[in-house]
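Thank you all for coming. I would like to take a few minutes to walk through one structure, and I will put it up now so that we can look at it together.

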Amino acid sequence: MFYGAIVWDPWLIVAQIVCLQCLYYLALGLLMALLVGTRVPRLTLLYLFDFATLTPRTTTGWFVIASFLLAAAAGAGFMLYVIERAKKCLDFAATLYIIHLFICIVYGGWPASVTWWVVNIAGLAIMSLLGEYLCIRRELKEIPISRLRASV
């Protein structure tokens with residue numbers, strides 16, 4: 001088999017999507033616990049999936065917005081290790097945010113807030129562009145050749 005050939009593996013793609021989604025929600029949950037959990041009496045899934053919590057009208061809303069944007073940056077770092085290819089970053093980031101949209105619709109209805117859309121589109125841009133940048137930097141690194149000439 002030619003080792004340079006790209007093999008389409010749907011199970012690998014599904015596993016990468018699930019892994020990236022789980023890591024994103026883990027990072028988002030940790031950031032919410034750090035930034036928002038200290039400000040509210042009880043941190044619930046409402047802050048992750050309800051569009052009404054993303055509001056610039058309150059200080060807590062700004063911390064929720066910051067959590068989403070920082071989680072997008074963390075997601076770019078996760079893509080460096082899970083996806084590993086710059087040309088796939090936009091696809092996986094868009095898939096992550098589409099799945100997030102569906103979960104939000106199931107949890108709290110159609111996101112009617114302009115702020116929710118702006119934050120999530122900005123998060124998509126941050127995750128895909130930063131992920132591509134990080135993956136390109138890795139792809140362009142020189143391969144070290146450390147062979148020593150054998151003594152004869």
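Let me begin with a question: how far is the sulfur of Cys 135 from the closest cysteine sulfur, and in which residue is that sulfur found? Please keep in mind, as we look, that this is a predicted model. The closest cysteine sulfur to that of Cys 135 belongs to Cys 89, at 3.8 Å, and because a disulfide needs the two sulfur atoms within 2.5 Å, this pair is too far apart for a bond. Cys 135 is itself buried, with a relative accessibility of 1%. Cys 104 is also buried, at 2% relative accessible area, and its sulfur has its closest cysteine partner in Cys 22, 16 Å away, which is again too far for a bond. A search through the whole structure accordingly turns up zero disulfides.

Let me turn now to helix 1, which runs over residues 10-35 and has 26 residues. From its first C-alpha to its last it reaches 37 Å, close to the 38 Å expected at 1.5 Å a residue. Its buried residues include Gln 16, Leu 20, Gln 21, Tyr 24 and Tyr 25, and what covers the buried residues of this helix includes helix 2, helix 3, helix 4 and helix 5.

I would like to stay with Gln 21 for a moment, since this residue of helix 1 is buried, with a relative accessible area of 9%. What does its side chain reach? It reaches the backbone oxygen of Leu 96, at a distance of 3.4 Å. Setting aside neighbours within four places in sequence, Gln 21 is in contact with Leu 96 and also with Thr 95, Ile 99 and His 100.

The next topic is the aromatic residues, where the count comes to six aromatic pairs. One pair is formed by Phe 49 and Tyr 107, whose ring centres are 5.9 Å apart and whose planes meet at 55°, so the pair counts as tilted. Phe 49 lies in helix 2 and Tyr 107 in helix 4, so this pair ties together parts that are 58 residues apart in sequence. Phe 49 is buried, at 10% relative accessible area, whereas Tyr 107 is partly exposed, at 41%. Both residues belong to one aromatic cluster, together with Tyr 24, Tyr 25 and Tyr 97, and you may recall that Tyr 24 and Tyr 25 are among the buried residues of helix 1.

Let me move to a loop, the one between helix 2 (46-49) and helix 3 (59-82), where we find Thr 55. Is Thr 55 buried or exposed? Thr 55 is buried, with a relative accessible area of 17%. A polar atom of its side chain lies 3.2 Å from the backbone nitrogen of Arg 57, and, leaving out residues up to four places away in sequence, Thr 55 touches Gly 61, Trp 62 and Ile 65. Glu 139, by contrast, is 84 residues from Thr 55 in sequence and 39 Å from it in space, C-alpha to C-alpha.

Finally, a word on the annotation: an unreviewed UniProt entry places the feature "transmembrane region" at residues 12-40, 60-83, 90-110 and 116-136. In the model, residues 60-83 are 96% helix and 0% strand, with end C-alpha atoms 33 Å apart. Residues 116-136 are 100% helix and 0% strand, and there the end C-alpha atoms are 30 Å apart.

Key. Residues are numbered from 1 along each chain as its sequence is written. This is a predicted model: local features need pLDDT of at least 70, side-chain atom pairs count only at pLDDT 80 or more; totals for chains, interfaces and linings use all residues. Side-chain values use heavy atoms; hydrogens and water are left out. Helices (H or I, at least four residues) and strands (E, at least two) are DSSP runs, numbered from the N terminus. Buried means under 20% relative accessible area, exposed over 50%, partly exposed in between (1.4 Å probe, protein chains only). Contact means heavy atoms within 4.5 Å. A polar contact is a pair of N or O atoms within 3.5 Å; within protein, one must be able to donate a hydrogen and the other to accept it, and residues adjacent in sequence count only if both atoms are side-chain atoms. The expected span of a helix is 1.5 Å times one less than its number of residues. Rings of Phe, Tyr and Trp (its six-membered ring) pair if their centres lie within 6.5 Å; planes under 30 degrees apart count as stacked, over 60 as edge-to-face and the rest as tilted. UniProt positions are given in the numbering used here, feature names are shortened, and annotations may be inferred rather than shown by experiment.
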